Amino acid sequence: MRRCIEGAILGLILLAAGCGKTPPPTLDLPVYFTCDTRGRLEPCGCFTGQFGGLTRLKTVLDAEAPAGALRVDVGDAIGGHEDYDLIEYGYVLRAFAAMKYDALNLGGREAQFTAAQLRDIKKNSPAPILSANLLDKSNGQPVFESYRLVRRGAFRVAIIGVLDPRAAGNPGAGLQVGGMEEAVTRCLGELRGKADLIVLLAFADEATLARLAGEFYECQVILGGKVAQPAQQLQKENRSVVYFVTNESRALGILRLRLAQGAPLTVTRSEERRVG
């Protein structure tokens, strides 16, 4: 009888110890992303029914994006590469900084600036700019940071930026565009063990986004890009989810992610929103 009582007590102790275990951390992470802004600081279109523009985008983000949301731009934020565009780009960067963007990837239009101009932009930009494969021709090194690590709760999120060489055409003086695959491989090696979620910003077309997903399962989220129209639905390739927007700042991509330590990434919602 005494052994039975002792066994019951031991069982209760073990059960209580098990109930006291801390559950693994989880995080609901909204992601808001843009692409193809083309210098649209103000809405475009007719006097009525205007859409887009960074001013209206800020209104949307201020109204609904929580403080911990991830905010990124995939590229082509500038309208061109003339002197006027360079001045305008300064205001575009200030606008993204005011909207608390975590990273801006370079697109084909930004690659038309010269290496000297981009170095000056990097020095003065109030917003973080990324490009893992836009290289200084003189030394073969990236002009900007290749990736950025940000923390959300208990999770570390890595953001990598790449540009399809075909989308860059003939880059500006002193620049060359390296292969995306080589750049992503390098970044993944440097990030090994340092990130719980990897987001790849790829200024590339639909087929190339799918190919990158097939090659790099470590990039759980791939956002584009140089596309004809915004994605109609979320795509899944390998272990990655792929989503993209375009349309001169008139489209806002939204993903709602759920992260849990030791569990696969879950997308609870995806949406393409007209900014108007």
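Here are some short exercises on this predicted model, each with a worked solution.

**Exercise 1. Get an overview of the chain: how many helices and strands does it have, and what share of its residues is buried?**

Start with the secondary structure: there are seven helices and 14 strands. Next, look at burial: of the 276 residues, 47% count as buried. Then turn to the surface, where the chain exposes about 13,400 Å², with carbon and sulfur atoms supplying 52% of that area. Last, check the contacts: among those between residues at least 6 apart in sequence, 66% join residues at least 24 apart.

**Exercise 2. Trace the six-stranded open sheet. What is the strand order, and which strands stand at the edges?**

Walk across the sheet and you pass β4-β3-β2-β1-β13-β14, with mixed pairing. Now look at the two ends: β4 (129–130) and β14 (266–274) each have a single partner strand, so one side of each is left without a neighbour in the sheet.

Zoom in on one pair in the sheet. β1 (residues 26–34) and β13 (residues 251–260) run antiparallel and share eight bridges. If you want a landmark for that pairing, take L27, whose bridge partner in β13 is L259.

Finally, add the helix. α2 (residues 54–64) lies across β1, β2 (70–73), β13 and β14, and runs at about 30° to β13.

**Exercise 3. Take strand β12 (residues 240–244). How many of its residues are buried, and which way do they point?**

Count first: five of its five residues are buried, so the strand is mostly covered, using under 20% relative accessible area as the cut-off. Now sort the residues by direction: S240, V242 and F244 point one way, while V241 and Y243 point the other way.

Next, find the partners. On the parallel side of things, β10 (221–224) pairs with β12 over four bridges, and V221 has V241 as its bridge partner. The pairing of β11 (235–237) with β12 is antiparallel, with three bridges, and here E237 is matched with S240.

One more detail sits at the turn. The hairpin of β11 and β12 has two residues between the strands, and N238 there takes a positive phi near 55°.

**Exercise 4. Hunt for backbone oddities. Where is the cis peptide bond, and what phi do R38 and D76 take?**

Go to the cis bond first: it joins G224 and G225, with omega at about -20°. G225 belongs to the loop between β10 and β11.

Then check phi. R38 has a value near 55°, which is positive in a residue other than glycine. D76 also has a positive phi near 55°, and it isn't a glycine either.

Now place the two residues. R38 lies in the loop between β1 and α2, and at 35% relative accessibility it counts as partly exposed. D76 lies in the loop between β2 and α3 (83–98), and with a relative accessible area of 7% this residue is buried.

**Exercise 5. Go through three salt bridges. Which parts of the chain does each one link, and are the partners buried or exposed?**

For scale, a search of the whole structure finds 16 salt bridges.

Step one is R109 with D76, at 3.5 Å from N to O. R109 is in the loop between β3 (103–105) and α4 (115–124) and D76 is in the loop between β2 and α3, so the pair ties together parts 33 residues apart in sequence. R109 is partly exposed at 25%, whereas D76 is buried at 7%.

Step two is R156 with D196, at 3.3 Å from N to O. R156 sits in β7 (residues 155–163) and D196 in the loop between α6 (180–191) and β9 (197–203), 40 residues apart. R156 is partly exposed at 27%, and D196 is partly exposed at 31%.

Step three is D205 with R166, whose closest N and O atoms are 3.8 Å apart. D205 is in the loop between β9 and α7 (206–215) and R166 is in helix α5 (residues 165–168), so this pair ties together parts 39 residues apart. D205 is partly exposed at 27%, but R166 counts as exposed at 59%.

**Exercise 6. Which residues form a salt-bridge network?**

Pick out E64, R256, R269, E271 and R273: salt bridges link them in a network. To place one of them, note that E64 falls within α2 (residues 54–64).

Key
Residues are numbered from 1 along each chain as its sequence is written. This is a predicted model: local features need pLDDT of at least 70, side-chain atom pairs count only at pLDDT 80 or more; totals for chains, interfaces and linings use all residues. Side-chain values use heavy atoms; hydrogens and water are left out. Two strands pair if DSSP finds at least two bridges between them. Contact means heavy atoms within 4.5 Å. Axes are lines fitted to C-alpha atoms, for helices over the stretch in contact, and angles run from 0 to 180 degrees between N-to-C directions. Buried means under 20% relative accessible area, exposed over 50%, partly exposed in between (1.4 Å probe, protein chains only). Accessible areas come from the Shrake-Rupley method with a 1.4 Å probe; for residues, only the protein chains shown count as cover. A salt bridge is a side-chain nitrogen of Lys or Arg within 4 Å of a carboxyl oxygen of Asp or Glu.
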